[in-house]
Amino acid sequence: MLQLLWTVPALPLLGFALLALFGRRLPRAGVSVIGAGSVGLSAVASGLVAWGYITQTVPAAYSQCLWTWMEVGSLKVDMILWLDPISLVMILVATGVGFLIHVYSTEYMRDDADYARFFAYMNLFVGAMVVLVLAGSLPMLYLGWEGVGLCSYLLIGFWYDNADNARAAVKAFLVTRIGDIGMLIGLFVLWFSLGTLDIQPLMERAQLQWTPNSAVAVAATALLLCGALGKSGQLPLQVWLPDAMAGPTPVSALIHAATMVAAGVYLLARTHVLFDLAPAVQCVVAVIGAATLLLAGTSALAQRDIKRALAYSTISQLGYMFLALGVGAWSAALFHFMTHAFFKALLFMAAGAVILAMHHEQDMFNMGGLRRRLPLVFWTFLAGAMSLAALPLVTAGFYSKDMILWSVLSSPKGGFLLWAAGVVGAFLTGLYSFRIVFLVFFGEEKGHASAKPGPAMMIPLVLLAVLALGAGFVEIPETLGRVALFSSFMGVHAAEASAVLGEGTQQVLAALLALGGLAAAVVLYLLRPGIVKAWVATPSGAALQRLCASGWGFDALYGMLIIRPVVALSSLCRDDFMAVVWRAVGICAEGAAAGLGRAQTGRLRFYMAGIALGAVVVLALVVLL
Amino acid sequence: MTLTAIILFPLLGGVLAWAAGWKSAASARRIALIAAALQCLLVAALALRLRLAPLAGTASPWLAELRMPWIPQIGASFHLAADGLSMAMLLLTAFLGLVAVLVSEGASGRNGGGLHLCLLSALAAVSGVFLAADLLLFFVFFEAMLVPVYFLIILWGDLREDRFAAALKFFLFTQASGLVMLVAMLVLSFLNARATGQLTLDALELRGVPLAGAVALLLPLGFFLAFAVKLPMVPLHSWQPVTYAAIPASGGIILSGVMAKVGAYGLLRFVLPLFPAASSQLAPWAMVLALAGILYGAFAAFAQTDLRRFIAYSSINHLGFVVLGIFSMNGLGQRGAFALMVAHGCSVAGLFVLAGVMERDGGSRDMARLGGLWAAAPRLGAFALLLIMATLGLPGLANFVGEFLVLLGTFQASPRIAVLAALSTGLSAAYALRFMQRIFFGPRRGAEPAADLSGRQAVAALLLVASLLLLGLFPGTMLQAVNGVLP
Amino acid sequence: MMATVPTEYGMVLAAVLFCTGLVGLLVRRNVLFMLMSTEIMLNAAGLAFVVAGSRWHEPDGQIMFMIIVTMAGAEVAVGLALIMRFYHLFKTLDTDAADTLKG
Amino acid sequence: MNAVFYIAAAVAAVSTIMVVSRSNAVYSLLYLIVSLLSVALIFFVLGAPFIAALEVIIYAGAIMVLFVFTIMMLNLGPQTAEQERKWLSGRAWAGPSILVAILMAEMLYVLWGGDHQVEGRHIVEPKEVSVALYGPYVMIVELSSMLLLGGLVAAYHLGRRVHGDGKEQQP
């Protein structure tokens, strides 16, 4: 079974190749079959691989070397696939959720003129993501890494005739590219420090050769972190993610749930050994995660566009994952990634169903009362929102978020302040998730919702709703009757923990705050909507609302600090100021020509005189020397 | 004998095409196409044969060579020789020659036979450059490259540009720097004769001539100047944008794809082996210059609105990486530079194919007047997208292999420069995406060309795409080709 | 019947003739006179050759003179034809009238 | 015979000066013939009789006749002579005279740089000349014939009359 590993990335890539070459000549049904089918087959293949992995007699990581990519001297970069619990979970989620999104897209994109192109990009996206997570060497990981960046660029700008979409796409690519450059430099540091770029030998050598918090360890991990920050939309590179909503909704689901943004989390989890050797950087990771989750949580509260609100919620949830990674609880981060993939895909796809029904209306304030028109969409969206808000006991989000919060509190690398930020974030999460629910599905009907979504859209929604609620039961904390399927699969064993609060206490506190968020949402957006309206009408409220809505003004800041100088410099170079030197040479030559040209009088006698003078001079030289 | 054939064959094809051009442009094109394709096969066959059976058991670094007396009075011989590096460059030359003939504007009414004669004789001259193992012979081919390009510009160039000024600028820059190189060659040969009593211009025998004082720096600088102009390196680049703007697209493929690489090839073939000590002394300065070129090209490319000038400045940006790799003075960087030469040859040729398609039937190349072209020409759009991704160094495409190795090698030599160069790839992403956005995305503006890739152009595009992908994913053969040549 | 003047005197005469011709060439504006001055100078050069040949008892000087005469013949033929053309074109023989080469 | 040389030299110098200073072309031409004849005499006393004959026949004869023809064809009237006189002002003479005087001085300086010796001269026979001419110098003879041919063709071509419409016609 494990030998099938290469088909997991190969199938979506094959689908991409077929669609790219022949997509325009295929009928829509054919495109759907190839597009969704290739990812479906890939999901099946990952399932088989997972089965093969679990039923191994001796559990061991499995690697499959495809070919040697680059070989120069001692540098040998292989195209090598590496399967271990981390990558197994990642490919299962990427292909599984990816498949559901593809199925959903067959209906969502039904009327689009560029149907084949859309599926080609989507297949490439999944393929690149699978390459990324299965990569056994960092350059190959970088290949997938940039591949998903490319696909996000293509898909965000899918409706290219609107210049804003294209601009958002470029922004996404460039912002993540900045992080990627850091990561690339990180690869160089690793290569010169450890002499290899294959991930497993890298870990082993690092443990042998690096001393904790040594300069090279800090530099290498900090540079890797740059890449992760860019891809996962963390501070200070989070600005691209809200704008990435310009793409079709299934794309948002794919980017936010199964593929792109998970890459950063995956990278940090994959290289957690290195980060363990650089506690200073880990601390930075945790602080960034905490700051991001608060900032994005507040921003999410001020959005009008349903997709932007969900986008900020993604940033916020990724903040949780980074918080977990920062305290070394990478399995908790992966667990939250998994549950988040389910409920966020669900939320986006349900939001897509709403948007489609509302004729591409995305402003939540123009929606309302849709729970009667679209009951099934409402119930599934509610399931997703509950999981996002981590309502206790019944949702998957609760278990994963609880695992993070408890590790933050109990880990020696964590601490009360980080935990407090996480808990405040939990309150905010409850508030903004149910704000969306209430604005969209409750209240009076404002727009005119049309046809209900068909089975191709609804079946993935229902499946994901089940997962969003039930996937958490693979890992249940001790206080609620210990189940540790996930962490034991990851090979992590709970360490002795000591904290200011007991585990049970902190669970109750976190749950209460999440419920508090829900309650606040009920009050503010369902029962007394006037309070918010009145507050926003005050000057300070309006200013704060504007600040939050703009994502704390990072766009303007970067526009001033980075974009403007670059544009100014480039307009300076536009007319090639260095060529002036050569132009000056030309001008000198022309001047000399003009001066000597005066001697060209056209008068024969003048020329004769010149000859005579020349004779005089030459003879004088002969005579005198 | 095969080596001579490689040089003479395209010339013969060119003359035949020219002769046929008096009857009909179409037959001239056909003959030229056949000649270019056969040239490809010829070079490929030779490469295969050399790979299978290199010269048996000699100390010679050449895989194949041909030596005949030429001008014994000054020690010049007609010495052609091929090693892995030159075979790779020959393959690139023949391949891009085929692409150039595939997309040549032969049917546009201005004597198509002559155009093909120029294209193919340029190919012959470049092939000679890559094969010459004698300095004077190298110089002759080096200068011979100018002539066809000059005529390509003034006779078949873009009528909207000042073709004569462009051709003159191109000629003056390359000619003047070439003469400096000639002087350096002769001085080197003279010094060698004084030291050993043997008059020779052979590139191998001149290695290790004892040099001292100012000459030890001036001679390599003389060579360096000629190659830096050819590449071109900032600040010797000012001929390039005007030339790229004026030259017909097919000529541009040869000029940018292959001739610019002659500069880098010359650095690798002559400057480094002939002057090892001076090279390592000059390397830091050359790297700084290269970095300046990288940044300058990136910024300037970002601000261009003219398609051709964009290509020119992005080339300056990329060739900066090549120089950076060469002067990192280690195997990683130099191999990366070599890979990048090949990759950039393919990608820039693609950009010229793109430019040729856009300008066909008088289409505009002013990016400010273009937009939304994807809807009209999706195949062209996909082709451009791939080229743009290659330009910005997407892994999986050929340029990444080169850039990665160059940066790795540079990091070994000077981490600071490597970091700055790596940061500039962000800029190259910015200008590349801006290019894509301006031409293919956004609303339509009405200045777009009417048609998508035609049959021949599509074939050329497919060839380039395939080569970029293959070299990007399986660069092994390419990197092994230079194993004996570079450290 | 031979003169025994020093070679230098012959040379001086050649120089005097040459310089007179040169003055004429520089002073005159009429192209006809300029052509005549040219003839004087050629003749002076021939004289110098013959004097030198006589000094060294060699026939070469005389051969040179014959070359010069040949050349002068050709030159005058072409020159006079040009003068005719010139006159038709400009209706004058003033060389200063023909300054279209002025830079 | 030395006296003959000096007298002929004086005549040559004076008549040459007259050539360049006359305003009437025909007068100048006559003085030029005088100058050529006196140079021919000098050739004769210097022991080059063949050359002296050539000088008279070709130079003073053939070439000067060409000049005469030209002057006749141009049909220059008295107003031309008047024009010439105007051009020959003192100022026009000043610059060239100074320049040439310097040149003359330099030439004399060079001439007197060597040793002064009067040697016996002897005649270089036409036979010697002919032997040399058709021996080592045969190439030059060929070249001269080419030159003459060229001159012939050029003169023929240039001498054709051009009409107002720019088309050429046989003379």
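What share of the 171 residues of chain D count as buried? In this predicted model, the figure comes to 29%. Chain D is built from seven helices and has zero strands, so to speak an α-α-α-α-α-α-α run when read from the N terminus. As for how the chain folds back on itself, 49% of the contacts in chain D between residues at least 6 apart in sequence join residues at least 24 apart.

Chain A makes a useful counterpart. Here 56% of the 625 residues count as buried, and the secondary structure consists of 27 helices and four strands. The C-alpha trace of chain A spans about 120 × 60 × 55 Å along its principal axes. Among contacts in chain A with a separation of 6 or more, 81% come from residues 24 or more positions apart.

One helix of chain A deserves a closer look. Helix α4 of chain A covers residues 115-134, 20 residues in total. From its first C-alpha to its last, this helix reaches 29 Å, which is close to the 28 Å expected at 1.5 Å a residue. As for its surroundings, 20 of the 20 residues of α4(A) are buried, so the helix is largely enclosed by the rest of the structure.

Chain B offers a helix pair to look at. Two packed helices are described by the angle between their axes and the distance between the axes. For helix α4 (residues 112-131) and helix α6 (residues 146-156) of chain B, the angle is about 155 degrees and the axes lie 9 Å apart. An angle over 145 degrees counts as roughly antiparallel, and α4(B) and α6(B) are therefore roughly antiparallel to each other. Their crossing is left-handed. On the α4(B) side, the residues that meet α6(B) are Gly114(B), Leu115(B), Cys118(B), Ser121(B), Ala122(B) and Ala125(B). Facing them from α6(B) are Pro148(B), Val149(B), Phe151(B), Leu152(B), Leu155(B) and Trp156(B). Sorted by class, this contact has 10 nonpolar residues and two polar ones, with no charged residues.

Turning to how the chains meet, four pairs of chains are in contact, and chains C and D share the most contacts of these. In that pair, 69 residues of chain D are in contact with 61 residues of chain C. On the chain D side, the elements giving two or more residues are α1 (2-21), α2 (25-45), α3 (49-74), α4 (78-87), α5 (90-111), α6 (126-133) and α7 (138-159). Of these, α7(D) gives the most, with 11 residues. By class, the side of chain D that touches chain C has 52 nonpolar, 14 polar and three charged residues.

Chain C also touches chain A, with 11 residues of chain C in contact with 11 residues of chain A. The chain C side of this interface divides into four nonpolar, three polar and four charged residues.

Other pairings of chains stay apart. No contact joins chain B and chain C, and their closest C-alpha atoms lie 21 Å apart. Chain B and chain D do not touch either, with 28 Å between their nearest C-alpha atoms.

Methods. Residues are numbered from 1 along each chain as its sequence is written. Chains are lettered from A and ligands numbered from 1 in the order in which they are written. This is a predicted model: local features need pLDDT of at least 70, side-chain atom pairs count only at pLDDT 80 or more; totals for chains, interfaces and linings use all residues. A residue is buried if 20 or more other C-beta atoms lie within 10 Å of its own, exposed if 12 or fewer, and partly exposed in between; C-beta atoms are placed from the backbone. Two residues are in contact if their C-beta atoms, placed from the backbone, lie within 7 Å. The expected span of a helix is 1.5 Å times one less than its number of residues. Axes are lines fitted to C-alpha atoms, for helices over the stretch in contact, and angles run from 0 to 180 degrees between N-to-C directions. Angles under 35 degrees count as roughly parallel, over 145 as roughly antiparallel, 65 to 115 as roughly perpendicular and the rest as oblique. A crossing is left-handed if the near helix is turned anticlockwise from the far one by less than a right angle, and right-handed if clockwise. Ala, Val, Leu, Ile, Met, Phe, Trp, Tyr, Cys and Pro count as nonpolar, Asp, Glu, Lys and Arg as charged, and the others, Gly among them, as polar.
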